[in-house]
Amino acid sequence: MSITDVTSSTPAAFGASAKPAPAKGPDAATSGTAPPTIGRNGTVDTVSLSPDAVRAMTGVISFAVPKASDAAERDPVAAGMDAVLARRDYDLKQADYMREAMGMLRQTLNLPEDQPIVLGGAAHGLLDKLAAKNGLSKPELPDALRAAGVKDPFAEDADAGAGVIGVGMPDSGKELQVVFERLGLAGRSAKTDNPLRMIALKDGSDHSGPLLGAIKGGTLGRLTDTRPDQGASLWAVTDGGEGPNARVLASVRSVGMDDTATDMAAGLLKGLKGLFAGA
């Protein structure tokens with residue numbers, strides 16, 4: 001892909017029982033009626049016992065263990081510890097996953113190991129697709145964390161309208177950010193006839209007003225930093241047009257990398273298009 005720079009630049013029950021007292025009659029333990037007792041005047045007194053009383057006399061104690069979910073509600077400390085341990089395990093697995101996935105991304109985009117990379121928005125979805133394509137599975141969020149209300153921070157970003165990938169130069173403060181429209185760039189992944197056009201947005205330029213307005217008011221606006229500080233330069237990447245009706249597919253922001261911005265942006269966008277095509 002080429003870029004033209006037109007600016008030239010279940011409960012359990014347990015029993016614990018003592019030795020039962022010997023039965024006084026054949027039906028004493030089962031009918032719930034104690035054996036006849038001789039009173040002071042030689043009369044026979046009959047006492048009827050409830051099932052609970054019978055169990056108490058025979059020394060049998062039974063209880064039900066609550067379900068795990070009930071126990072968690074009654075013991076918030078235990079539930080909290082479960083969540084802490086689950087979070088630690090998940091974070092370790094997530095760190096390993098990101099390290100391997102980012103390595104794959106560097107290879108795909110031809111970026112060196114020491115070059116910092118920042119991802120945002122739909123770029124996370126591309127990273128997950130790249131990892132899955134290469135047999136790397138993303139860690140599942142544990143049930144203990146879901147019950148605590150924890151969510152995957154990148155789940156909603158996967159289908160976001162725009163994404164950003166930023167690269168920097170180590171220990172220099174220099175950086176380059178490419179914000180792309182997911183559907184727009186994916187739609188061009190199979191089209192290579194028309195080159196993308198990169199147009200510098202400068203004060204006084206006839207193209208700057210409409211294109212900058214399209215960036216700020218469109219899908220790219222949430223992720224594009226349009227502030228002029230730090231001596232930053234901004235470009236609009238269009239579908240090939242340069243007039244006010246041109247479709248803006250990406251924006252490029254450079255801080256101290258203007259001399260390589262066009263080539264680096266072209267390489268990043270080409271790699272992103274390849275990811276979309278292979279997704």
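Here a colleague asks about a predicted model of a protein and a modeller replies.

Colleague: Let's start with the overall picture. How many helices and strands does the protein have?

Modeller: Please keep in mind that this is a predicted model. The protein has 279 residues, of which 33% are buried. Its secondary structure comes to nine helices and 11 strands.

Colleague: And what share of the exposed area comes from carbon and sulfur atoms?

Modeller: The protein exposes about 16700 Å². Of that area, the part supplied by carbon and sulfur atoms is 53%.

Colleague: I'd like to look at strand β7. How many of its residues are buried?

Modeller: Strand β7 covers residues 162-168. On one side sit A162, V164, G166 and G168, and on the other G163, I165 and V167, with both faces covered. The strand is largely enclosed by the rest of the structure, because the buried residues number seven of the seven.

Colleague: Which residue of β7 stands opposite V118?

Modeller: V118 belongs to the neighbourhood of strand β6, which spans residues 117-121. Five bridges join β6 to β7, and the two strands run antiparallel. In β7, the residue opposite V118 is G166.

Colleague: What about β8: which of its residues stands opposite I165?

Modeller: β7 and β8 run antiparallel and are joined by seven bridges. They form a hairpin with six residues between the strands, where D171 takes a positive phi near 55 degrees. Opposite I165, in β8, stands V178.

Colleague: Now for the empty spaces. Which element gives the most residues to the lining of the largest cavity?

Modeller: The largest cavity has a volume of about 50 Å³. It is lined by L105, L119, A123, L126, L127, I165, F180, L272 and L275. Two elements, α5 and α9 (258-278), give two or more residues to this lining. The most, three residues, come from α5.

Colleague: How does that lining divide into nonpolar, polar and charged residues?

Modeller: I165 of the lining is also one of the buried residues of β7. By class, the lining has no polar and no charged residues, and its nonpolar residues number nine.

Colleague: Which residues of helix α5 are buried?

Modeller: An α-helix has 3.6 residues a turn, so residues three or four places apart point the same way. Helix α5 runs over residues 123-133. Its buried residues are A123, H124, G125, L126, L127, L130 and A131.

Colleague: What comes after α5: is N134 buried, partly exposed or exposed?

Modeller: N134 is found in the loop between α5 and α6 (143-147). α5 is also followed by G135, whose phi is positive, near 80 degrees. N134 and A101 are 33 residues apart in sequence, and their C-alpha atoms are 9.1 Å apart in space. With a relative accessible area of 47%, under the 50% that exposed residues exceed, N134 is partly exposed.

Colleague: There is another loop I noticed, the one that holds N110. What is the phi of N110?

Modeller: N110 lies in the loop between α4 (76-109) and β6. The residue is exposed, with a relative accessible area of 67%. Most residues other than glycine have a negative phi. N110 has a positive value, near 55 degrees.

Colleague: A search of the whole structure finds one aromatic pair. Why is the pair of F180 and F276 called edge-to-face?

Modeller: F180 is in strand β8 (residues 175-181) and F276 is in helix α9, so the pair links distant parts of the chain, 96 residues apart. Both residues are buried. The ring centres are 6.0 Å apart. Planes over 60 degrees apart count as edge-to-face, and here the angle is 75 degrees.

Colleague: Last one: which element gives the most to the lining of the second largest pocket?

Modeller: The second largest pocket has a volume of about 230 Å³. Among its 14 lining residues, the closest to the centre are L201, L212, T226, P228 and L234. The lining divides into five nonpolar, three polar and six charged residues. α8 (208-217) and β10 (233-238) each supply at least two residues, and the most, three, come from α8.

Methods
Residues are numbered from 1 along each chain as its sequence is written. This is a predicted model: local features need pLDDT of at least 70, side-chain atom pairs count only at pLDDT 80 or more; totals for chains, interfaces and linings use all residues. Side-chain values use heavy atoms; hydrogens and water are left out. On a 1 Å grid over the protein atoms alone, a cavity is a set of points where a 1.4 Å probe fits but cannot get out, and a pocket is an open set with protein on both sides within 12 Å along at least five of seven lines; lining residues have an atom within 4 Å of a point. Grid points are joined across faces, edges and corners, and a volume is the space filled by probe spheres set on the points. Helices (H or I, at least four residues) and strands (E, at least two) are DSSP runs, numbered from the N terminus. Ala, Val, Leu, Ile, Met, Phe, Trp, Tyr, Cys and Pro count as nonpolar, Asp, Glu, Lys and Arg as charged, and the others, Gly among them, as polar. Buried means under 20% relative accessible area, exposed over 50%, partly exposed in between (1.4 Å probe, protein chains only). Rings of Phe, Tyr and Trp (its six-membered ring) pair if their centres lie within 6.5 Å; planes under 30 degrees apart count as stacked, over 60 as edge-to-face and the rest as tilted. Accessible areas come from the Shrake-Rupley method with a 1.4 Å probe; for residues, only the protein chains shown count as cover. Two strands pair if DSSP finds at least two bridges between them.
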